[in-house]
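Visitor: I should be grateful for a close look at one part of this model, set in the context of the whole chain. Please describe its residues, its packing and the spaces that it borders.

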Amino acid sequence: MVLCARPGRGARLPTQLWILAAAAVIASIILAYTRWGRTVYAIGSNEVASRFSGLSVEKTKLALYTASGFAAAVAGVIFVSRVSTTRSDMGTGIELDAITAVVLGGTSIFGGRGTIAGTMIGLCLIQALKNGLSLAGVKGDGTIMLIGAVLILAILASNLFERSGTR
């Protein structure tokens with residue numbers, strides 16, 4: 001059963017998309033405009049320096065892990081509601097898509113840099129790539145290999161731009 005908002009009115013957007021948009025807007029505002037958001041970026045950039053600067057690293061990390069767990073639980077419920085069934089291995093492979101989308105969106109895997117808007121763009125790019133590969137007839141392992149190659153290329157490009165000072 002796919003949940004849809006506003007049944008019977010023109011183009012219906014799935015409820016999952018509304019939840020994603022709301023979560024992205026809230027996370028963007030928190031990370032960009034609050035002291036806690038700046039603390040998160042500081043810890044991601046240099047945890048030791050953040051600790052010496054007097055930031056509460058342990059409390060912030062605990063809050064981040066808690067928020068991450070909550071987001072994973074909500075994502076699991078949404079995923080199961082979308083496919084109407086569940087198995088223990090249903091989410092296998094999604095982590096590669098998530099990491100690739102985040103890196104393509106401009107987030108450094110070494111921490112301290114990135115935006116939610118960039119991640120949303122990366123997510124759209126990964127989904128477009130997966131849909132294109134599906135339409136081209138590329139199956140399972142081929143898709144995983146190509147997404148892995150995109151991830152490696154994105155990390156290499158990010159490191160090259162960082163070293164050259166372009167970023």
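**Helix 7 and its surroundings**

Guide: The buried residues of helix 7 pack against helix 5 and helix 6. The description that follows concerns a predicted model, and it begins with the chain as a whole before returning to that packing.

The chain has seven helices and zero strands, and its pattern along the sequence reads α-α-α-α-α-α-α. Its C-alpha trace spans about 55 × 35 × 35 Å along the principal axes. Of its 167 residues, 18% count as buried. The exposed surface comes to about 11400 Å², with 68% of it supplied by carbon and sulfur atoms. Among the contacts in the chain with a separation of 6 or more, 46% are accounted for by residues 24 or more positions apart.

Helix 7 itself covers residues 140–164. It has 25 residues, and the distance from its first C-alpha to its last is 36 Å, close to the 36 Å expected at 1.5 Å a residue. The buried residues in this helix are Thr143, Ile147, Gly148, Leu151, Ala154 and Ser158. An α-helix has 3.6 residues a turn, so residues three or four places apart point the same way. Leucine 153, also in helix 7, has a relative accessible area of 56% and is therefore exposed, since the cut-off for that class is over 50%. The C-alpha atom of leucine 153 is separated by 9.4 Å from that of leucine 104, although the two residues are 49 apart along the chain.

The packing partner helix 5 offers a residue through which the arrangement can be examined. Threonine 100 is found in helix 5. Its relative accessibility is 0%, and because buried means under 20%, threonine 100 counts as buried. When neighbours within four places in sequence are left aside, threonine 100 is in contact with Ile126, Ile147, Val150 and Leu151. Two of these names, Ile147 and Leu151, also appear among the buried residues of helix 7.

Two spaces bordered by helix 7 merit attention, one a cavity and the other a pocket. The count of cavities of 30 Å³ or more comes to one. The largest cavity holds about 50 Å³ of space. Its lining consists of Val103, Thr107, Ser108, Ile109, Phe110, Ile155, Ser158, Asn159 and Glu162. Helix 7 gives the most to this lining, with four residues. By residue class, the lining of the largest cavity divides into four nonpolar, four polar and one charged. Ser158 is thus to be found in two lists: it lines the largest cavity, and it is buried in helix 7.

The second largest pocket encloses about 240 Å³ of space. It is lined by 14 residues, of which Asp97, Lys130, Gly140, Thr143 and Ile144 lie nearest its centre. Helix 5 (94–104), helix 6 (116–135) and helix 7 each supply at least two residues of that lining. Here too helix 7 gives the most, with four residues. The lining of the second largest pocket comprises six nonpolar, five polar and three charged residues. Thr143, one of the residues nearest the centre of the pocket, is among the buried residues of helix 7.

Some details from elsewhere in the chain complete the setting. Alanine 32 is found in helix 1, which covers residues 15–33. At 47% relative accessibility, alanine 32 counts as partly exposed. Computed along the sequence alanine 32 and alanine 117 are 85 residues apart, while their C-alpha atoms are 11 Å apart in space.

Threonine 60 lies in helix 4. Its relative accessible area is 2%, so threonine 60 is buried. With neighbours within four places in sequence left aside, threonine 60 is in contact with Trp36, Thr39, Val40 and Ile43. Helix 4 covers residues 57–83, and serine 84 lies in the loop between helix 4 and helix 5. Serine 84 has a positive phi of about 60 degrees, although it is not a glycine.

To return to the part requested, helix 7 packs through its buried residues against helix 5 and helix 6. It is also the element that gives the most to the lining of the largest cavity and to that of the second largest pocket.

Methods: Residues numbered from 1 in each chain as written. Predicted model: local features only at pLDDT ≥ 70, side-chain atom pairs only at ≥ 80, totals over all residues. Heavy atoms only, no water. 1 Å grid on protein atoms, 1.4 Å probe; cavity = no way out; pocket = protein on both sides within 12 Å on 5 of 7 lines; lining within 4 Å. Points joined across faces, edges and corners; volume = space filled by probe spheres on them. Nonpolar A, V, L, I, M, F, W, Y, C, P; charged D, E, K, R; others polar. Buried < 20%, exposed > 50% of the residue type's maximum accessible area, 1.4 Å probe, protein only. Contact = heavy atoms within 4.5 Å. Areas by Shrake-Rupley, 256 points an atom, 1.4 Å probe, with all protein chains shown as cover. Expected span 1.5 Å × (residues − 1).
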